[in-house]
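Reader: I'm new to this one, and I'd like to know the reasoning behind the labels. Could you show it to me and take my questions?

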Amino acid sequence: MDITVILMDLAIILFATKLLGLLMRKLGMPQVVGAVIAGLLIGPAIWGQFGWWSPIQPTEGEQNFLNGVAEIGVVLILFSAGLETDVKELRRSGAVATLIACGGVAVPMGLGFLVAVPFLGGFSALSDSKILLDAVFIGVILAATSVGITVETLKEMGRLKGRVGTTILSAAIIDDVVGIVILSIVLGFKDPNAEPWMTVLMTVLFFVCAFAVGFVLKKLFKLLSEKYDHKRRLPIFGLVTCFTFAFAADKLFGIADITGAYVAGIVLSSLKDTSYIDRKVDINSYMIFSPVFFANIGISANFDGFTLNLLWFGLAFVAAGILGKIIGCGGVAKCCGFRLRESSIIGCGMIARGEVALVVCKKGLEGGLFAGTAINPLFPVILLVIVSSLLCPILLKLLYRGDHSGDLPLTGELLQPLTGEQLQPQTESGAQETQPIQSAQ
């Protein structure tokens, strides 16, 4: 492996991902979409189909290096997600947001499974445990939610702090937690010798041990935070915790390393210096590791087996992902007493997919899923990220059009049970219209 070639590859990756990321932001889409597209454009995935030259043509050694950097990137992404999880909000959110999140996991998983079965050989093929696991994993990919697009859209319209906006945020947080747990369990079954009860037991045991150790670590970090306020040693020790939890999750408990990183973030999420730790971790992440991770998805993609059948699967996959969230989250919200418009907003606000879906997909492929099958979920996932990122803000703005009542304000605890009086439609004269908050550019 020639290290000077690696340096040039990194320069190309960082330049291309930033350039395409800025372009996507101008178009109102997540920058991660630009990073993945950049990887496709600079790697051999597309140009190799025609025998053309591509800027990055990694050898086996160079690809292994990029895979290693990308793995650190995904661990840092999940660690940062854990740090940004508001545990107090999770506790306050109550049964309503939890039910909505569970509906937003169960329905897409079910639809994803049903969509995958015909393309994997039909229900008769499910007697093969590997095919069954592949079909289940398609549903697991669809369980993920990326609420960043929704947050920016609701901020712009001045709707983020109302009952509907807060419900979406709370449900998205719980959605991610449930999705990560399910991912760990499903990946535990990839070993053909794995016992179902043992996989579940090891997953539960990991969470018990992680939070027990985390309780002690949190006390130590509080002492360090008081003595060394805003010192660099805090984020360094935070990274030590992240990497240790990731290693223990994979090697000691047999579950995904990203689960360990996510739990490490949650453990450190309510410190006085949490935002400082997160900011320093983010610098490491977005400067090199995250761009390499997202670009590497495109660089290592292989479309040699691309067929019309895969295109049909991709379209069905996208439809299942979008309808699953609208039906699952919106339907449960309606059953919990939200008005029809509010329920539709909640459902549409949960359809966006981003980095978590890409992470889950990549983990499944690395774990040996879909080997020898007629479908590869990478193309469908990229398609879903692009379509859902475009569709989410459009649907939200259409649903809010002509609504001058604003969200019902939150009083007291988050998501208190609604009274009959609260459920009555508000008149324009009795409502206070929220002033729009300008989105930061």
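What follows is a chat about how some of the labels in this predicted model are earned.

Reader: Let's start with charges. Why is the contact between D175 and K325 called a salt bridge?

Author: The side chains of D175 and K325 come to 2.7 Å, N to O. A salt bridge asks for a Lys or Arg side-chain nitrogen within 4 Å of a carboxyl oxygen of Asp or Glu, so this pair qualifies. It links distant parts of the chain, too: D175 is in helix α8 and K325 in helix α13, 150 residues apart.

Reader: Are D175 and K325 buried or exposed, and how do you know?

Author: D175 has a relative accessible area of 0%, and K325 also comes out at 0%. Buried means under 20%, so both are buried.

Reader: How many salt bridges are there by this rule?

Author: Three. Another one joins the side chains of D250 and K251, at 3.7 Å, N to O. That value is still within 4 Å, so the name holds.

Reader: What makes K251 exposed?

Author: K251 has 57% relative accessibility, and exposed means over 50%, so the label fits. D250 has 34%, which lies between the two cut-offs of 20% and 50%, so D250 is partly exposed.

Reader: And what about E342 and R339?

Author: E342 forms a salt bridge with R339, with the closest N and O atoms 2.9 Å apart. E342 is buried, because its 4% is under 20%. R339, at 24%, counts as partly exposed.

Reader: On to the rings. Why is the pair of F119 and F313 called edge-to-face?

Author: First, the structure holds seven aromatic pairs. In this one, the centres are 5.3 Å apart and the planes are at 65 degrees. Centres within 6.5 Å make a pair and planes over 60 degrees apart make it edge-to-face, so F119 and F313 meet both tests. F119 lies in helix α5 and F313 in helix α13, so the pair ties together parts that are 194 residues apart in sequence. Both F119 and F313 are buried.

Reader: What makes F206 and F253 edge-to-face?

Author: Here you have 5.5 Å centre to centre and 70 degrees between the planes. Since 70 is over 60, edge-to-face is the right term. F206 sits in helix α9 and F253 in the loop between α10 and α11. Both of these residues are buried, and they belong to one aromatic cluster with F207 and F211.

Reader: How do you know that S225 and D273 make a polar contact?

Author: Their side chains come to 2.9 Å, and the limit for a polar contact is 3.5 Å, so the distance test is passed. S225 is in helix α9 and is buried, because its 4% is under 20%. Beyond its neighbours within four places in sequence, S225 is in contact with L234, K272 and D273. S225 and K272 are 47 residues apart in sequence, yet 7.0 Å apart in space, C-alpha to C-alpha.

Reader: Last one: why does F306 count as partly exposed?

Author: F306 has 38% relative accessibility, which lies between 20% and 50%, so that's the label. F306 is found in the loop between α12 and α13. Together with L308, L311, W312 and L315, F306 forms a nonpolar surface patch with about 490 Å² of accessible area.

Terms used
Residues are numbered from 1 along each chain as its sequence is written. This is a predicted model: local features need pLDDT of at least 70, side-chain atom pairs count only at pLDDT 80 or more; totals for chains, interfaces and linings use all residues. Side-chain values use heavy atoms; hydrogens and water are left out. Patches are made of residues with over 30% relative accessible area and no salt bridge: like charges are joined within 9 Å, nonpolar side chains (Val, Leu, Ile, Met, Phe, Trp, Tyr) within 5 Å. Accessible areas come from the Shrake-Rupley method with a 1.4 Å probe; for residues, only the protein chains shown count as cover. Helices (H or I, at least four residues) and strands (E, at least two) are DSSP runs, numbered from the N terminus. Buried means under 20% relative accessible area, exposed over 50%, partly exposed in between (1.4 Å probe, protein chains only). Contact means heavy atoms within 4.5 Å. A polar contact is a pair of N or O atoms within 3.5 Å; within protein, one must be able to donate a hydrogen and the other to accept it, and residues adjacent in sequence count only if both atoms are side-chain atoms. Rings of Phe, Tyr and Trp (its six-membered ring) pair if their centres lie within 6.5 Å; planes under 30 degrees apart count as stacked, over 60 as edge-to-face and the rest as tilted.
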